[in-house]
Amino acid sequence: MPWAKIVEEIRNGREKGSELLYAAVCDCARPHLFQRIHPELVDDHIQEIALIVLTAVRRGELRDPSCLMGFVRTVTRRQVAVHIRREMRRRRRLISVECADTPAVPSGQWPDARIAERERVAAVRQVLGRLRPRDRDILMRFYVEEQEPQAICREMKLTATQFRLFKSRALAKCVEFGHRLLSARQSTKPLRIA
């Protein structure tokens, strides 16, 4: 992609440059955002990132046009950091007075919490164990090891389209297996009489 040409188009006030920049921002920022923020907020953040980059290019703040994508990645990382800080502040404000009175024992030390955590881990392992090795490998690399999609495609010899397709199918299978597992467990739980 001729980044210098896109920058020149934007600086000359041509609409085509803005459109090409928006498409490039989508391609570059979307995978990073999907890994770190809620999926419903991704499009809003992409527009915000595109606007920041567009404004900087128009003002001439981008010295080297060939570094356009590096600048987009930097802005994306900063926007994710801003989002995370906002969420942390919002969550702190939601802590009620009642929570302050709870004992200072980490939740992982409560017996019920440890049992529930073990059950969740076992369920995830069981669901992943039912996937094809390739699908399991893609999910582990992307979600657990947080590898970039390009690196996964390169190492597994996949195209970007194959990667997205295999990943979405694997997630759909996980959801399906998870629902089956959950319904099977609920049907075998004994009723408690209080």
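This passage describes the fold, salt bridges and selected residues of a predicted model.

The protein contains 9 helices and 0 strands. Along the sequence, the elements therefore follow the pattern α-α-α-α-α-α-α-α-α, as helices and strands are numbered from the N terminus. Of the 194 residues in the protein, 29% are buried. Among contacts with a separation of 6 or more, residues 24 or more positions apart account for 59%. The surface exposed by the protein comes to about 14000 Å², and carbon and sulfur atoms supply 55% of this area.

The count of salt bridges in the model comes to 8. One of these joins aspartate 43 to arginine 30, with the closest N and O atoms 3.0 Å apart. The pair links distant parts of the chain, since aspartate 43 lies in helix α3 (residues 42-58) and arginine 30 in helix α2 (residues 15-36), 13 residues apart. Aspartate 43 has a relative accessibility of 40% and so counts as partly exposed. Arginine 30 is likewise partly exposed, because its relative accessible area is 27%, a value that falls between the limits of 20% for buried and 50% for exposed residues.

A salt bridge is also formed between arginine 141 and aspartate 137, at 3.1 Å from N to O. Both residues belong to helix α7 (residues 133-144), and because they are 4 residues apart, about one helical turn separates them. The two partners fall into separate accessibility classes: arginine 141 counts as buried because its relative accessibility is 15%, whereas aspartate 137, with a relative accessible area of 29%, is partly exposed.

Glutamate 61 and arginine 59 form a further salt bridge, in which the closest N and O atoms are 3.7 Å apart. Arginine 59 has a relative accessibility of 61% and therefore counts as exposed. In addition, a network of salt bridges links Arg134, Asp135 and Lys173.

Positive charge also gathers on the surface without such pairing. Arg85, Arg86, Arg89 and Arg92 form a patch of positive charge there. Patch members are residues that have no salt bridge and over 30% relative accessible area. Arginine 86, which is found in helix α4 (residues 68-94), is partly exposed because its relative accessibility is 43%, a value that also lies over the 30% required of patch members.

Buried positions were examined in two helices. In helix α2, which contains serine 18, this residue counts as buried because its relative accessibility is 13%, below the limit of 20%. When residues up to four places away in sequence are not counted, serine 18 touches Ile10, Leu54 and Arg58. Leu54, one of these contacts, falls within the residue range of helix α3 (residues 42-58).

In helix α8 (residues 149-156), the buried residues include Pro149, Ala151 and Ile152. Cys153 and Met156 of helix α8 are buried as well. Just after α8, lysine 157 takes a positive phi of about 55°.

Key: Residues are numbered from 1 along each chain as its sequence is written. This is a predicted model: local features need pLDDT of at least 70, side-chain atom pairs count only at pLDDT 80 or more; totals for chains, interfaces and linings use all residues. Side-chain values use heavy atoms; hydrogens and water are left out. Patches are made of residues with over 30% relative accessible area and no salt bridge: like charges are joined within 9 Å, nonpolar side chains (Val, Leu, Ile, Met, Phe, Trp, Tyr) within 5 Å. Accessible areas come from the Shrake-Rupley method with a 1.4 Å probe; for residues, only the protein chains shown count as cover. A salt bridge is a side-chain nitrogen of Lys or Arg within 4 Å of a carboxyl oxygen of Asp or Glu. Lys and Arg count as positive and Asp and Glu as negative; His and the chain ends are not counted. The place of a charge is taken as NZ of Lys, CZ of Arg, CG of Asp or CD of Glu. Helices (H or I, at least four residues) and strands (E, at least two) are DSSP runs, numbered from the N terminus. Buried means under 20% relative accessible area, exposed over 50%, partly exposed in between (1.4 Å probe, protein chains only). Contact means heavy atoms within 4.5 Å.
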